[in-house]
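Please open the model in your viewer and keep the selection panel at hand. The stops below take one chain, then the contact between chains, then the other chain.

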Amino acid sequence: MAEIIFIGLSLSSILLLVALGLAITYGAMGVINMAHGELVMAGAYVTVLSGIWLHLNIIAAIPLAFLVTALIGYLIERLVVRRLYGRLLDTLLATWGVAILIQQAVRLEFGLSFFGRHIAGLGVGLQNVTVPEALTGAITIGGVQVNAFRAFIIGVTVVLTFATWLLMYRSSFGVQVRAIMRNPNMAAACGINVQRVNALTFAYGSGLAGVAGVMMSGFKTVFPDMGTPMVVDGFLVVAAGGVGSLLGTILSAGLLGQINGIVASVTNDILARAMVFAVVILIIVLKPRGLFSYRGR
Amino acid sequence: MDAKRRLDYATYAVFIALIMCAPLVLEEFWLNRIAKFLVYGMLGVAASLCWGYAGILNLGQGLFFGLGAYMMAMSLKLASPTSLQQGSDKPVPDFMLWNAEPGAPTDLCCINRGSFLWLPFQHQWFGVMMGLLVPVVVAAGLGWVMFRKRIAGVFVSIITLALVLLVRLVLIDAQPLTNGFNGLTDLGYLTIGGFEFDPYSAATYYLVASALSLSLILARMLVETRAGLILQAIRDDQNRVRYLGFDVPVYQIFFFAVSAAIGGIAGILYVVVADFASPTFLDLTFSITMVIWAAVGGRGSLLGACIGAILINTIEARVSETEGFLQAWRAIIGLIFVLVVLFLPRGLAGLANDAGEWLTGRLGGGRRRATAPRVASSE
């Protein structure tokens, strides 16, 4: 039983890792960023590339991936999302286009493959990341054997969630973000630089995706398509948890991860995932605003 | 009838004439390919009806397409020579035999636990009927739940998206019945009155082309009825229509189901043309790709969305001979899509519309145009 709960916890932490960034971009900014999965993918490729070219291990890749994906996110906000605030479905569509562009950039090695040049670590193929010795194998927590890397992921997720909570609820930047979330015009009238704060918030959410990507690369194969299922999962977690509620996202990731783990233990992984989708549909039909929604104006 | 509308109808007529004449110049291989793209054109029509006219962004149109396709493929699978030659007097799909438990009877009724569901599909028309009925019933049921509860905007998109992925997983998991990831391949021909529709024949092309023309004409007639006008009013301001005393969900459910029916028929025809059905029809990517076709062609125009689908796929097929070009083309599509959403929400049809307006303004002495579909503002 403890083992199943740990597996559920591990699945929850992965869901939360991806959903955390979306909770900020979708929840706080009202932008459905379908390129989020591609930012996760970009984070995973940063790990691959930094391993090949800079001989950095996976832990050292975390800050690097954060910076790279935050920069990509910043550019997406400046070039595309900025023009679409208030048009929720259009942000979904436009960022899907951006997602295709990022995927193709990796596949085509930024266009270099046209000229017969290749960059090791990019391209259409599969990539792998080796995890350092200390994070492989199993460790024993409270009498239960757990996979060390999975435990590491849970730890990273807790730290990131805490950092996000601090940023959003205990810093002046967070106050500005939440003010914009409630009423952008009023916030602007109070002297908040709405454009700058929005761009930085989007960059932070994207950076979280990059860190999620580093974690994913440790136990999954890295390839250009890897992000699509992740963005769907993350998006559903945020929608089920309630838009604009960090707590809702955390709880909904916990709930869906446990459901996934428990159903998988009695049937199989495919049906477990199907069950997660069914629960999300049920939640949205019964409570369209999600389990814990912020009541905005 | 004013000049603008006359021009509109003329465009429809020209388009239909063009696709009907295409077999005169196309060789067999391209005929089959274009027939596939005409099926995609039907999906464009369905997307435009749902999104452009009803304001419902369905991110799970692949569900209706996939259901239609699987229903048809089940019937055609039983009609294939391999299914008929499995040592039983009744047809049995080959994959069921490969996976059968030792000693299981070689009969469709009980070769595995769910195989009896296949029994009625021995009649081809049952498959065709189900291919139409199942999507419509699912859409009506789903619409009933969603629109009665006044779920709108992005939440409809989330639900449809989750549902298509859910059904896809169930389909894959029901491996003994559906052949899982591999889908249904090696199918027989659709036979009507003793005539076999070979996927590479001109007859099959004409079947698809007439279905596309019919659905275009019917959809166009439908949106010009009173109900169609009310639907567009709902898209623009749901509450106002509700206050006027109309039963809003009824209109939404009806048009959602019509769009699903077109999707289902497209699925049926795709199986006839492409000779397989697979879970990839229910991939998220495919459903969003349909939205891209409609957006680029013009979501507010049935014909525009249809042409968008055909155009994008034809270009993709042209460049796909070289792997590098194909990947680059996909990147270009991504870029075009971003630009269309940002700067050209009415798509190519919007451009054509402006050009047509300018033209009729010149010729017709500047008469005002009647109700042309306006692009729905999202959310």
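What percentage of the 297 residues in chain A is made up of buried residues? Buried residues make up 54% of them, where a residue is buried if 20 or more other C-beta atoms lie within 10 Å of its own, exposed if 12 or fewer, and partly exposed in between, with C-beta atoms placed from the backbone.

Before going further, note that this is a predicted model, in which local features need pLDDT of at least 70 and side-chain atom pairs count only at pLDDT 80 or more, while totals for chains, interfaces and linings use all residues. Residues are numbered from 1 along each chain as its sequence is written, and chains are lettered from A and ligands numbered from 1 in the order in which they are written.

**Chain A as a whole**

Select chain A and colour it by secondary structure: there are 11 helices and two strands, where helices (H or I, at least four residues) and strands (E, at least two) are DSSP runs numbered from the N terminus. Following the chain from the N terminus, you should meet the elements in the order α-α-α-α-β-β-α-α-α-α-α-α-α. Along its principal axes the C-alpha trace spans about 55 × 55 × 35 Å. The radius of gyration of chain A is 19 Å, which agrees with the value near 19 Å for a compact globule of 297 residues; this radius is taken over C-alpha atoms, and the globule rule is 2.2 Å times the number of residues to the power 0.38. Among contacts in chain A between residues at least 6 apart in sequence, 73% join residues at least 24 apart, two residues being in contact if their C-beta atoms, placed from the backbone, lie within 7 Å.

**Two stops on helix H1 of chain A**

Next select A:Glu3, which is found in helix H1 (residues 2–28). A:Glu3 counts as exposed because it has 12 C-beta neighbours inside 10 Å. Add A:Gly261 to the selection: the two residues are 258 apart in sequence, yet their C-alpha atoms are 9.8 Å apart in space.

Then move to A:Ile24, which also lies in helix H1 of chain A. Is A:Ile24 buried or exposed? A:Ile24 is buried, with 27 other C-beta atoms within 10 Å. Leaving aside neighbours within four places in sequence, A:Ile24 is in contact with A:Thr201, A:Tyr204 and A:Gly205.

**The packing of H10 and H11 in chain A**

Select helix H10 (residues 246–266) of chain A together with helix H11 (269–286) of chain A. The two helices pack at an angle of about 145°, with their axes 8 Å apart; axes are lines fitted to C-alpha atoms, for helices over the stretch in contact, and angles run from 0 to 180 degrees between N-to-C directions. To inspect the contact itself, show side chains on both helices: among the residues that meet there are A:Leu256, A:Ile259 and A:Val263 in H10(A), and A:Leu271, A:Met275 and A:Val279 in H11(A).

**Where chain A touches chain B**

Now display both chains, where 34 residues of chain A are in contact with 37 residues of chain B. On the side of chain A that touches chain B, the elements that give two or more residues are helix H4 (88–107), helix H9 (227–241) and helix H11 (269–286). H4(A) gives the most to that side, with 12 residues.

**Chain B**

Hide chain A and keep chain B, whose secondary structure comes to 16 helices and two strands. Its radius of gyration is 22 Å, close to the 21 Å that the globule rule gives for 379 residues, so chain B is as compact as a globular protein of that length. Of these 379 residues, 47% count as buried.

Select B:Asp275, in the loop between helix H12 (248–274) and H13 of chain B. B:Asp275 has phi near 70°, a positive value in a residue other than glycine, and B:Asp275 is buried, with 20 other C-beta atoms within 10 Å.

Finish on helix H13 (residues 284–297) of chain B, which has 14 residues. H13(B) is mostly covered, since 12 of its 14 residues are buried, including B:Leu284, B:Met290 and B:Trp293. After H13(B) comes B:Gly298, whose phi is positive, near 125°.

Note on methods
The expected span of a helix is 1.5 Å times one less than its number of residues.
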